[in-house]
Amino acid sequence: MVTAKQVIEMLKNPLYKPIGSEELMRKLQVSGEDKAEFVSLLNQLEAEGEVVQTRGGKFGLPKHYNMVVGKLQGSAKGFGFVLPKTEEINDVYIHGSDTNGAIDGDTVLVRLNKPRKGDRRPEGIIIDVLKRGREKIVGRFKASSPLFGVVIPEESRLNVDIFVPSEKQLHAQDGQIVVVRIVPKASDKFTIEGEIIEILGDKDAPGIDILSIIRKHGLPEQFPAAVEQEAELVPDRISEDEIKHRRDLRERVMVTIDGEDAKDLDDAVSVERLPNGNVRLGVHIADVSYYVKEGSALDREAYERGCSVYLVDRVIPMLPKRLSNGICSLNPKVDRLTMTCDMEINSEGHVVDHDIYASVICTNERMTYGDVKKIVIDEDRELISKYKHLVDDFRLMASLADTLRKKRMNRGAIDFNFSEAKILVDEHGKPTDIVKRPRTAAEQLIEEFMLAANETVAEHFYRLEVPFVYRIHENPDPEKLLSFYELVNNFGYNVKGKADKVKPRALQSLLGRVEGSPEEMVISTILLRSMKQAKYSTESVGHFGLAATFYSHFTSPIRRYPDLLIHRVIREVLEHGHISLERVEHLQAYLTDAAQQSSIRERVAVDAERETNALKMAEYMKSHVGEEFEGVISSITNFGIFVELPNTVEGLIHVSNLTDDYYNFHERAYLLIGERTKHIFRMGDPIKIRVSGASLEERKVDFELVEHITQHELDESFFHREKSKTKRAKPGERDRGDRRRGKSQGKRKSRTDSKSPTGNRGAKSKRSEKRSSNSKKGRISTTSPDQSFASKGPKKDSRRKKKR
């Protein structure tokens with residue numbers, strides 16, 4: 001039988017001319033008995049957008065007909081961009097009237113328009129929705145008439161109403177928040193039809209806001225009955241027979257160290273000074289694989305969930321609480337089954353010997369980060385007296401962690417020092433305070449021990465050449481890194497090594513040099529955005545950010561599926577000494593699929609966590625409208641300035657509120673510079689703002705400028721550097737952008753999302769750009785520096801230049 005690959009290869013042939021299905025079958029020598037199956041294959045390829053069939057019945061690749069397949073990235077304004085599958089073409093702009101029923105996330109087929117003179121990007125019209133990006137949508141129901149109603153999506157990028165006939169409304173009341181399922185094939189391509197499958201409740205009812213986010217991201221709150229039943233059958237005590245097959249470590253002194261509110265305790269640690277002066281570090285991880293068997297209902301559900309999700313007011317666990325908070329959790333002074341990684345570490349922080357085995361433990365204490373920090377850093381007398389039998393161990397742990405960290409930093413591991421928020425809510429889910437989540441010596445202590453175990457386990461099983469799941473972080477994209485190099489050059493720094501061959505040590509060295517400087521924030525933030533996202537893979541390619549040759553996730557099987565998977569592999573190797581060839585093939589296929597699934601689910605969890613944080617931050621700041629705060633400029637875009645407050649809340653001063661001048665956005669240097677006043681805004685500047693508004697629907701906070709605390713004079717050398725770069729650039733490589741008023745408010749991409757697109761996505765159409773050029777103040781230009789200032793000339797910098 002002919003395969004899809006053979007069909008595509010034939011159509012890719014430069015000599016191929018579009019032909020019908022009968023002639024295709026003759027050329028590919030399809031037999032009569034395979035004819036129906038071949039036609040089915042063609043239909044499948046057409047449905048996936050791999051091939052296109054003309055009205056005349058001839059088949060070709062999309063590019064043969066000036067078409068492209070890609071994913072639509074929508075916007076609140078109605079227009080969008082299609083991100084093509086192929087890298088041969090740039091993102092395609094889609095006007096709001098040309099989306100034809102497609103919504104954000106859909107895979108679509110686009111016909112490209114004939115390019116007009118001066119166009120800098122391709123434009124097109126969506127002619128077919130090949131696959132919906134989402135089956136369910138959360139929105140507000142509006143009863144339009146007795147015959148039908150509409151669901152208005154809560155997500156602003158879904159700029160379309162869902163038509164719902166009266167018989168599919170589930171008795172929803174006007175204004176209620178509902179979940180609607182999209183009917184696959186609507187009768188009219190300009191209309192999306194759906195049916196309401198769940199009524200969440202009134203918009204302002206407590207908890208509905210978080211519940212809407214949970215449904216939007218498809219997070220499963222409840223476990224299926226089969227999973228709960230299986231969990232109930234798990235014994236809550238360890239049999240003596242199982243203990244006989246494990247190393248008994250119940251006499252070894254060990255503790256868990258976690259946050260005060262943690263309930264799923266999956267790691268314990270122990271330390272011991274050896275006679276040769278080295279330290280034996282024991283990392284003991286809950287043996288979840290003993291209870292969650294491969295192919296069981298528990299296993300299938302854990303695969304689907306991928307990980308636990310930690311929202312502001314709740315946890316959506318990967319495993320039922322009977323396991324995650326019960327028999328799998330390393331609760332104090334009770335016997336638990338574990339996988340142990342013992343590491344002998346010398347004075348330089350190198351692991352000189354190790355042992356990985358199944359064990360049974362009984363932890364001595366359930367410690368918190370706060371208490372350990374008070375013991376080893378603050379020398380709290382009361383706590384030292386309370387835990388006097390453990391104090392020496394804690395001090396040895398602190399010393400060992402310091403040694404491990406120094407070794408890791410010396411090899412070039414990149415360490416970003418960004419603050420995380422902890423949002424405190426009351427019993428109704430209302431935010432009462434927002435504070436910075438502490439990263440004390442105790443957190444760093446556990447982090448270093450887990451990193452050491454993850455690296456040791458990864459290398460051990462890589463050397464055994466068995467199927468395994470690794471945590472990988474690929475090298476940065478050279479183009480993004482080249483832009484980053486230009487940025488740091490503007491600040492007078494350089495990075496050793498070419499962009500396509502850079503070493504982590506070079507970037508860590510740069511972070512060390514800028515530490516404490518005014519430009520530290522901008523350089524750290526842009527470097528993080530230049531990085532790729534870490535993910536799971538069965539191929540060990542190393543971890544760039546950690547400067548680690550081998551790395552895995554071994555230490556959290558209660559809340560991460562990849563950890564559970566590699567525990568199974570470890571058990572199989574320990575019990576049988578080898579893995580059969582047939583089993584290797586099965587494991588390799590399954591682990592590859594599971595690694596991809598876990599990476600996807602991780603992104604979903606991160607997005608949901610960020611959105612709930614943004615929602616509660618906006619809700620908290622709504623009660624502070626009109627109040628003034630001091631903060632720092634955390635990002636600068638072509639539509640305004642983001643400011644971060646001490647409590648980590650971030651808000652936007654929109655360019656339309658900067659009415660004192662016409663501001664030019666310098667993309668390479670991340671600066672806003674006043675055309676007349678030469679007033680400069682840059683990242684890291686202290687600034688005073690007034691809270692002007694907060695939108696729960698859009699998850700954003702708006703600020704007004706009160707005072708720019710740090711004023712900068714224009715450095716003439718900046719323009720010489722920028723002009724020289726522009727002169728050396730190839731045609732079409734100048735700073736992108738148009739003069740525009742910048743009214744459309746966008747959201748800045750998160751620091752940790754290194755794949756965030758940049759450039760002109762989200763820009764206005766050309767007609768609105770022309771209209772916006774009529775107003776002088778409160779506008780931004782992103783034209784190149786020599787165009788913006790050639791006629792005016794920069795002011796001289798009268799300050800004495802700071803020596804670096």
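**Exercise 1. Find which backbone oxygens lie by the side chain of Arg411, and place this residue in the fold.**

Solution. Start at the side chain: one of its polar atoms lies 3.0 Å from the backbone oxygen of Leu546. The backbone oxygen of Ala547 lies 3.2 Å from a polar atom of the Arg411 side chain. For reference, a polar contact is a pair of N or O atoms within 3.5 Å; within protein, one must be able to donate a hydrogen and the other to accept it, and residues adjacent in sequence count only if both atoms are side-chain atoms.

A word on the model before going on: it is predicted, so local features need pLDDT of at least 70 and side-chain atom pairs count only at pLDDT 80 or more, while totals for chains, interfaces and linings use all residues. Residues are numbered from 1 along each chain as its sequence is written, and side-chain values use heavy atoms, with hydrogens and water left out.

Next, locate Arg411: it sits in the loop between helix H11 (391–410) and strand S22 (420–425). Helices (H or I, at least four residues) and strands (E, at least two) are DSSP runs, numbered from the N terminus.

Now look at the surroundings. Leaving aside neighbours within four places in sequence, Arg411 is in contact (heavy atoms within 4.5 Å) with Glu455, Arg505, Leu546, Ala547 and Ala548. Arg411 and Leu546 are 135 residues apart in sequence, yet their C-alpha atoms are 8.9 Å apart.

Finally, Arg411 counts as partly exposed at 23% relative accessibility. The classes are buried (under 20% relative accessible area), exposed (over 50%) and partly exposed in between, with a 1.4 Å probe and protein chains only.

**Exercise 2. Which parts of the chain does the Glu697–Lys203 pair tie together?**

Solution. First check the pair: Glu697 and Lys203 form a salt bridge, with the closest N and O atoms 3.1 Å apart. The term means a side-chain nitrogen of Lys or Arg within 4 Å of a carboxyl oxygen of Asp or Glu.

Then place both ends. Glu697 lies in the loop between strands S32 (686–695) and S33 (700–708), and Lys203 in the loop between strand S12 (192–202) and helix H4 (208–216), so the pair ties together parts that are 494 residues apart in sequence.

Last, accessibility: Glu697 is partly exposed at 46%, and Lys203 is partly exposed at 36%.

**Exercise 3. Are Arg682 and Asp685 buried or exposed?**

Solution. Begin with the link: their side chains meet in a salt bridge, 3.7 Å from N to O. Arg682 is buried, with a relative accessible area of 18%. Asp685 is buried too, at 3%.

Elsewhere, salt bridges that share partners join Asp104, Arg134, Glu155, Arg157, Lys216, Glu611 and Arg699 into one network. The structure holds 51 salt bridges.

**Exercise 4. How many residues of helix H16 are buried?**

Solution. Take the dimensions to start: H16 (residues 561–576) has 16 residues and reaches 23 Å from its first C-alpha to its last, close to the 22 Å expected at 1.5 Å a residue. That expected span is 1.5 Å times one less than the number of residues.

Then count: 13 of the 16 residues of H16 are buried, so the helix is largely enclosed by the rest of the structure. After H16 comes Gly577, whose phi is positive, near 80°.

To set this in context, the protein has 20 helices and 34 strands, and 52% of its 804 residues count as buried.
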